[in-house]
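Biologist: I would love a close look at one part of this model with you. Could you take your time over it and then set it in the context of the whole chain?

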Amino acid sequence: MASRPLSHLSSPAPRLLPSSSRHGALRVPVRPRAHRQHAVMTTSQIASCAFTLGTVAVLPFYTLMVVAPNADITKRTVESSAPYVALGLLYAYLLYLSWTPDTLRAMFASKYWLPELPGIVRMFASEMTVASAWIHLLAVDLFAARCTTTASRTTSRRGIRSRCACSSARLGSWLMW
């Protein structure tokens, strides 16, 4: 059986740098840099996917709470902590990607270490930060909808108005009362 040369598996031969000494005797071998792997997704693509994923992930829960609030599947779903864990992990990942020491310095730029509006505006100029804020808002609103659904079961109030207003936690809580 004839063996194939393995030249295609080896790295390229090192190049020699031109000599910097007067005599030309010293040469340093330099290997070409390895080709760097590029990221699979850019930060903009990650932010966009997280935004879409988070939005689509909460829709079944909202639908169950509005359409069939007293069904057994809704009761089990509302009592589950799985959507909050999933949204929390996604939120933590986005925060990890978006927050840097510069972010904290920009937010707390005053001498009293209080947030200032210009720093927060600069922080929200990043798509990743906006996506993380959106996931945070979805988690809070889903929790508010969960509370109104649970409260409507224990009281005689129907609570459908507040569950329909799930896009705003404060509005949904206000409508419940």
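Which residues form a nonpolar patch on the surface, and about how much accessible area do they have together?

Modeller: Happy to walk you through it, keeping in mind that this is a predicted model. The nonpolar surface patch is formed by Tyr93, Tyr96 and Leu97, which together have about 340 Å² of accessible area. Let's begin with Leu97, which sits in helix α3, the run of residues 82-98. Its relative accessibility is 32%, so Leu97 counts as partly exposed; the class runs from 20% to 50%.

Helix α3 also has contacts to show you. Ser132 belongs to helix α6, which spans residues 127-154. Setting aside neighbours within four places in sequence, Ser132 is in contact with Tyr91, Leu94, Leu95 and Ser98. Helix α3 covers residues 82-98, and those four partners of Ser132 carry numbers from that stretch. Ser132 has a relative accessibility of 3%, and because buried means under 20%, it counts as buried.

The two helices turn up again at a cavity. The structure holds 1 cavity of 30 Å³ or more, and about 60 Å³ of space lies in the largest cavity. Its lining consists of Phe61, Leu64, Met65, Thr74, Thr77, Val78, Pro83, Tyr84, Leu142 and Arg146. Two or more of these lining residues come from each of α1 (43-67), α2 (72-79), α3 and α6.

Past α3, there is a backbone detail you may want to check on screen. Trp113 has a positive phi of about 60°, although it is not a glycine. You will find Trp113 in the loop between α4 (101-107) and α5 (117-123). With a relative accessible area of 60%, Trp113 is exposed, since exposed means over 50%.

Now for the chain around these parts. Its secondary structure comes to 8 helices and 2 strands, and from the N terminus on the order is β-β-α-α-α-α-α-α-α-α. The protein chain has 177 residues, and buried ones make up 25% of them; Ser132 is one of the buried residues. Among contacts with a separation of 6 or more, 57% are accounted for by residues 24 or more positions apart. As for the outside, the protein chain exposes about 13200 Å², with carbon and sulfur atoms supplying 65% of that area. The patch of Tyr93, Tyr96 and Leu97, where we started, lies on this surface.

Note on methods: Residues are numbered from 1 along each chain as its sequence is written. This is a predicted model: local features need pLDDT of at least 70, side-chain atom pairs count only at pLDDT 80 or more; totals for chains, interfaces and linings use all residues. Side-chain values use heavy atoms; hydrogens and water are left out. Patches are made of residues with over 30% relative accessible area and no salt bridge: like charges are joined within 9 Å, nonpolar side chains (Val, Leu, Ile, Met, Phe, Trp, Tyr) within 5 Å. Accessible areas come from the Shrake-Rupley method with a 1.4 Å probe; for residues, only the protein chains shown count as cover. A salt bridge is a side-chain nitrogen of Lys or Arg within 4 Å of a carboxyl oxygen of Asp or Glu. Helices (H or I, at least four residues) and strands (E, at least two) are DSSP runs, numbered from the N terminus. Buried means under 20% relative accessible area, exposed over 50%, partly exposed in between (1.4 Å probe, protein chains only). Contact means heavy atoms within 4.5 Å. On a 1 Å grid over the protein atoms alone, a cavity is a set of points where a 1.4 Å probe fits but cannot get out, and a pocket is an open set with protein on both sides within 12 Å along at least five of seven lines; lining residues have an atom within 4 Å of a point. Grid points are joined across faces, edges and corners, and a volume is the space filled by probe spheres set on the points.
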